[in-house]
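Follow the chain through the structure shown here. The account goes from one unusual peptide bond to the elements around it, then to the sheet and the ligand.

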Amino acid sequence: KYLQEDELSEDVRVLLSTLPTAKGWFVNTIYQYQGFWYSPKQLQGLLNCQKHFQAQDNDILLATQPKSGTTWLKALAFSLINRKNKYPITLNNQDHPLFTNNPHTLVPFLEFDIFHVKDVVPDLSAFSSPRLFATHLPYALLPESMKNSNCKIVYLCRDPKDNFISLWHFSNALRREGSNSLDESFDKFCRGINVGGPFWDHILSYWKETSLLEKPNNNNKKVMFLRFEELRMNTSFVLKNLAEFLGCPFSKEEENQGLMDDILKLCSFENLRNLEVNKNGKRPSGIENKAYFRRGEIGDWKNHLSVEMIEKLNDIVENKMGTFGFRF
Ligand code: A3P
């Protein structure tokens, strides 16, 4: 599953030779590009996407860091925007595509699933409008056309301690042999060395687009900023706001019919995790779908991190993010 040299275009190979490197969690070597860490394959997709993606004003982009709840957000957004015209929410007869497809199949990542092949400009004409994409790229590295269009971006982040623990488990689930030690992985995470990281810079890149502190006259309608914890604790409220932001608010009739609850049930951890496709299916990359559904809870870090680790990570995050008005 690791990238062969000949899968990289010439310009990516040249670029790689100029970049700082570190040992990765999933692949042998990761590269620091414009402040963020990537595997060669991701860099290929990132550059291809930056070069060729043409945004449309009604595009919707789901932006996250790995393990912050991407799979859940994909399921929710897909259900919301398609419920009126294409895929009514049906819990009983299991017609809805989420019963037979992993959410990552229904909402592709720009840099991993669409623009990942070297020297190929993908044909996106089969996407119906509004097009729904996902990305792990930070705001600064999004294609210019996306930043300049009126498309909508939903950003979801998660408490760093839970995000770290989830990432650590995921990295070990993906390894064929051996495992990443908790201590070594933690040390890397704290130094900002993880794919797509530093963790805090990724969040700040989107936070700055919404924050009044950064932009006092901010009239931001482009980025909706969400947290895994609020989604977990206050799901209906967030779902309602999300539907409004995406331009498909719930009607009174839908609310009376209990449609919000149906969507929440359809996309719930318990429902998705127990579907055949998510128990035994695989992504084209070979990753097993079940790796995306572990516990889905808040606070699993308490079972893994020592008091010193907790203090250390809290301090780092406060130092890096507090001055920007961001706190977990
Ligand atoms: P844990 O490892 O803490 O269980 P991502 O989708 O960004 O890869 O994030 C994966 C994390 O989200 C995992 O966290 C996973 O269990 C959790 N998750 C996946 N689907 C979920 C759902 N429907 N509801 C709540 N959490 C979910």
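Pro-198 sits in the loop that links helix H8 (182-190) to H9. The model is a predicted one, and in it the peptide bond from Gly-197 to Pro-198 is cis, with omega near 10 degrees. Another glycine, Gly-192, follows H8 and has a positive phi, near 80 degrees.

H8 itself has a buried set of residues: Leu-182, Ser-185, Phe-186, Lys-188, Phe-189 and Cys-190. An α-helix has 3.6 residues a turn, so residues three or four places apart point the same way. The cover over the buried residues of H8 includes strand E1 (21-23), helix H7 (160-174), H9 and helix H16 (307-321).

The description now turns to the sheet. Four strands make up an open sheet, ordered E5-E4-E6-E7, with parallel pairing. Strand E5 (132-135) and strand E7 (223-227) are the edge strands, and each of them pairs on one side only. On average, neighbouring strands of this sheet are turned by 20 degrees against each other, direction ignored.

H3 packs on the sheet and touches strand E4 (60-64), E5, E6 and E7. The direction of H3 makes about 165 degrees with that of E4. Helix H9 (residues 199-210) also packs on the sheet, with contacts to E4, E5, E6 and E7. In the case of H9, the direction makes about 130 degrees with that of E7.

The strand pairs can be taken in order, starting at E5. E4 and E5 run parallel and are joined by four bridges. One pairing here places Ile-60 against its bridge partner in E5, Leu-132. Leu-132 and Ala-134 point one way from E5, while Phe-133 and Thr-135 point the other way, and all are buried. Although E5 is an edge strand, its residues on both sides are thus listed as buried.

On the other pairing of E4, five bridges join E4 to E6, and the two run parallel. Ala-63 stands opposite Tyr-155 in E6. Strand E6 (residues 152-157) then pairs with E7 in the parallel sense over five bridges. Ile-153 has Val-223 as its bridge partner in E7, and Cys-157 stands opposite Arg-227 in E7. E6 is mostly covered, with five of its six residues buried.

A second cis bond is found in the loop before E5. Ser-129 and Pro-130 are joined by a cis peptide bond, with omega about 0 degrees. Pro-130 is placed in the loop between helix H5 (110-114) and E5.

How far apart are the end C-alpha atoms of helix H3 (residues 70-82), and what should its 13 residues span? At 1.5 Å a residue the expected span is 18 Å, and the end C-alpha atoms are 18 Å apart, which agrees. Of the 13 residues of H3, 13 are buried, so the helix is largely enclosed by the rest of the structure.

Two loops that border H3 each hold a residue with positive phi. Lys-67 lies in the loop between E4 and H3. Its phi is positive, about 75 degrees, although Lys-67 is not a glycine. Gln-94 is in the loop between H3 and helix H4 (103-106). Gln-94 is not a glycine either, and its phi is positive at about 55 degrees. Are these residues buried or exposed? Lys-67 has a relative accessible area of 12% and is buried because this is under 20%. Gln-94, with a relative accessible area of 46%, is partly exposed.

Lys-67 also leads to the ligand. There are 17 residues around the ligand, and those that come nearest are Lys-67, Thr-70, Thr-71, Ser-166 and Arg-295. An N or O atom in the side chain of Lys-67 is 2.7 Å from an oxygen atom of the ligand. Gly-69 contributes through its backbone, where an N or O atom lies 3.1 Å from an oxygen atom of the ligand. For Arg-295, a backbone N or O atom lies 2.6 Å from an oxygen atom of the ligand. Lys-67 is therefore a residue that combines a buried position with a place among those that come nearest to the ligand.

Key: Residues numbered from 1 in each chain as written. Predicted model: local features only at pLDDT ≥ 70, side-chain atom pairs only at ≥ 80, totals over all residues. Heavy atoms only, no water. Expected span 1.5 Å × (residues − 1). Buried < 20%, exposed > 50% of the residue type's maximum accessible area, 1.4 Å probe, protein only. Pairing = 2+ DSSP bridges. Axes fitted to C-alpha atoms, helices over the stretch in contact; angles between N-to-C directions. Contact = heavy atoms within 4.5 Å. Near = heavy atom within 4 Å. Polar contact = N/O pair within 3.5 Å; in protein donor to acceptor, adjacent residues only side chain to side chain.
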